Amino acid sequence: MSKISIIAAVADNYAIGKANNLPWHLPADLKHFKQLTTGHAIVMGKRTFESLPKGPLPNRKNIVLTSIMSEGVNKGYYEADSFDDALFLCDHEEQVFIMGGATVYKQCIDKVDYMYITWIHKDFAADTFFPEIDFEKWEEVKHENHDADDQNQFAYTFSEYKRK
Ligand SMILES: NC(=O)c1ccc[n+]([C@@H]2O[C@H](COP(=O)([O-])OP(=O)(O)OC[C@H]3O[C@@H](n4cnc5c(N)ncnc54)[C@H](OP(=O)(O)O)[C@@H]3O)[C@@H](O)[C@H]2O)c1
């Protein structure tokens, strides 16, 4: 059985995206994302895939959810037309990271047992938001605070949650 987790960077006001991009630039979070996901499978919606500047992320099995199948497999990624199909493609993976966007988080937040959330301590103008988290259902098992610094403009916390 694969470990299936959500991974997301979420602002104080639950913002996650604006104009099909991230509302912030936070290199420490990109590095954290890369460290956690490298060597594993990542599942994302079509819009999130389209937001990646260089296409599929290297050294990871990229699975893109879409109702309009193209030739992804020839271009370094897989396509799935349902969440169950995406998980089927990950059958033999040790770890699967659900990496957004909002439509995908909404579909799976009640199905996964683990979440890696980077809280970004500021409100952002946005058009895309993380679904409401019912903290009665989740136990925080990691909480690592970081101040803003020369390269990271905002304070942030790496949190991990396990379903109770
Ligand atoms: N802060 C973060 O951690 C984070 C992470 C990821 C993304 N984002 C941001 O979130 C925004 C994008 O999110 P979004 O909600 O607009 O789009 P999205 O969830 O990335 O993609 C939506 C598309 O995915 C496809 N899809 C989703 N579920 C499907 C299913 N069950 N079966 C088949 N296809 C499915 C559909 O594509 P078709 O139309 O092709 O059918 C749908 O239109 C961007 O701003 C991005 O930068 C932020």
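Let me begin with a single contact, the polar contact of 2.6 Å that joins the side chains of Thr 118 and Asp 29. What you have in front of you is a predicted model, and I will try to speak about it with that in mind. Thr 118 is found in strand β7, and it is buried, with a relative accessible area of 3%. Leaving aside residues up to four places away in sequence, Thr 118 touches Ala 8, Ala 9 and Val 10, then Asp 29 and His 32, and also Tyr 156, Thr 157 and Phe 158.

Two of those neighbours, Asp 29 and His 32, bring us to helix α1, residues 27–37, where they are buried together with Ala 28, Phe 33 and Thr 37. If you look down the axis of α1, these buried residues fall within an arc of 150 degrees, and they therefore line one face of the helix. As a reminder, an α-helix has 3.6 residues a turn, so residues three or four places apart point the same way. What do the buried residues of α1 pack against? They pack against β1, β3 (41–45), β6 (95–98), β7 and β10 (156–163). On the face turned away from that buried side, α1 carries the exposed residues Lys 31, Lys 34 and Gln 35. The helix is followed by Gly 39, whose phi is positive, near 90 degrees.

Let me turn to the aromatic residues. A pair of rings is described by the distance of the centres and the angle of the planes. With a limit of 6.5 Å between ring centres, the count comes to nine aromatic pairs. One of the pairs is Tyr 14 with Trp 119, whose ring centres are 5.7 Å apart and whose planes stand at 55 degrees, so this pair is tilted. Tyr 14 lies in the loop between β1 (3–11) and β2 (15–17), while Trp 119 belongs to strand β7, residues 114–120, and the pair therefore ties together parts that are 105 residues apart in sequence. Both Tyr 14 and Trp 119 are buried.

Another pair is formed by Tyr 114 and Tyr 116, with ring centres 5.1 Å apart and planes at 55 degrees, so this one is tilted as well. Tyr 114 is buried, and Tyr 116 is buried too. Tyr 114 has a further partner, since Lys 3 lies over the face of its ring, at 3.9 Å from the ring centre. There is also an aromatic cluster made up of Trp 24, Phe 124 and Phe 154, and over the ring of Phe 124 sits the charged end of Lys 122, 5.4 Å from the centre.

Now to the ligand. Which residues are closest to it? Of the 29 residues that surround the ligand, the closest are Arg 47, Thr 48, Thr 66, Ser 67 and Thr 103. In the side chain of Thr 66, an N or O atom is 2.6 Å from an oxygen atom of the ligand, and a polar side-chain atom of Thr 103 likewise lies 2.6 Å from a ligand oxygen. Gln 107 places a polar side-chain atom 2.8 Å from a nitrogen atom of the ligand.

Next, a residue in strand β10, Arg 163, which is partly exposed, with a relative accessible area of 22%. A polar atom of its side chain lies 2.8 Å from the backbone oxygen of Ile 109. Not counting residues up to four places away in sequence, Arg 163 touches Ile 109, Asp 110, Lys 111, Val 112 and Asp 113, along with Lys 137 and Trp 138.

I will finish with the backbone. Most residues other than glycine have a negative phi, and most peptide bonds are trans. Where, then, is a cis peptide bond found? The bond from Gly 100 to Gly 101 is cis, with omega near 0 degrees, and Gly 101 has its place in the loop between β6 and α4 (102–108). Asn 20, in the loop between β2 and α1, has a positive phi near 55 degrees, and this residue is partly exposed, with a relative accessible area of 26%. Asn 59, which is found in the loop between α2 (46–51) and β4 (61–65), has a positive phi of about 60 degrees although it is not a glycine, and Asn 59 is exposed, with a relative accessible area of 62%.

How values were computed:
Residues numbered from 1 in each chain as written. Predicted model: local features only at pLDDT ≥ 70, side-chain atom pairs only at ≥ 80, totals over all residues. Heavy atoms only, no water. Phe/Tyr/Trp six-rings, centres within 6.5 Å; stacked < 30°, edge-to-face > 60°. Helix = DSSP H or I, 4+ residues; strand = E, 2+ residues; numbered from the N terminus. Buried < 20%, exposed > 50% of the residue type's maximum accessible area, 1.4 Å probe, protein only. Lys NZ or Arg CZ within 6 Å of the ring centre and 35° of its normal. Arc of directions from axis to C-beta. Contact = heavy atoms within 4.5 Å. Near = heavy atom within 4 Å. Polar contact = N/O pair within 3.5 Å; in protein donor to acceptor, adjacent residues only side chain to side chain.
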